[in-house]
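Reader: Here is a structure to go through. Please justify the labels you put on it.

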Amino acid sequence: MAGTRKVIELFYDVACPYAWLGFEVLCRYRNVWNIDLQFRPAFLGGIMHGSGNKSPGLVPNKCLYMGKDLARLALYFGVPIVSPENPAEVKGSLSAMRFVTAVAESREGRQADVENVSRELWKRIWSGDEDITLPASLSEAGLKAGLPANEIEELLQLASSQKIKERLKSTTQKALDCGAFGFPHIICHVNGKEEMFFGSDRFELMAHCIGEQWLGPQPAKTSARM
């Protein structure tokens, strides 16, 4: 069966709360659908610039809607999103995504570490309205994610290396080359073809395209009711 698993690539940045929703849904479906989920940490700023898109925070009416939308989605998806007091002032995520990329690079094959670090960074910014730009903030997220304390300083140094900067840039460019204009950007590899999906509201269609069943954003709860 392992050879028949469908590869799904998830391109994301912790600056995007909608990417957090998509991230959690796909993590929940790893053991429901026959998929091989692969994390692709990238840089949202590069996507917006490269695609000519504009952040919702720069459009007043979108920004107002976003706060209400996220409150509803947090309940529906079961993800603890609490919008910052002023979403338009959310600081950049470049350092954070370099750190996630460093974790992915140094702990190859241990996707659980990438998953846990990403989740802790999302929690900092989108649950606690906390900083994700300073080394101390990244260290705290790493510790909460279960990374060994003696490795975190090495990861911070690696995150500032040219190697990691180039890897993050390369992943971001790959997303752009695949048509990305925002996150989450999801690529499903099915029968030798690539199917691209944007956003956290296309999972029912995605399930149809990959031959799986959509059980809602919280499949465990749905299954318990059946």
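Author: The answers below set values against definitions. The model is predicted, so local features need pLDDT of at least 70 and side-chain atom pairs count only at pLDDT 80 or more, while totals for chains, interfaces and linings use all residues. Residues are numbered from 1 along each chain as its sequence is written, and side-chain values use heavy atoms, with hydrogens and water left out.

Reader: Why is Thr-4 called partly exposed?

Author: Its relative accessible area is 49%. Buried means under 20%, exposed over 50%, and partly exposed in between (1.4 Å probe, protein chains only). Thr-4 is therefore partly exposed.

Reader: What makes the link between the side chains of Thr-4 and Asn-34 a polar contact?

Author: The distance is 3.4 Å. A polar contact is a pair of N or O atoms within 3.5 Å; within protein, one must be able to donate a hydrogen and the other to accept it, and residues adjacent in sequence count only if both atoms are side-chain atoms.

Reader: Which residues of α7 are buried?

Author: In α7 (residues 149-159), a helix by DSSP (an H or I run of at least four residues, numbered from the N terminus), they are Ile-152, Leu-155, Leu-156 and Ala-159.

Reader: How do you know that they are on the same side of α7?

Author: They cover an arc of only 100° around the axis, which puts them on the same side; the arc is that of the directions from the helix axis to the C-beta atoms. On the other side, Asn-150, Glu-154 and Gln-157 are exposed.

Methods. Helix = DSSP H or I, 4+ residues; strand = E, 2+ residues; numbered from the N terminus.
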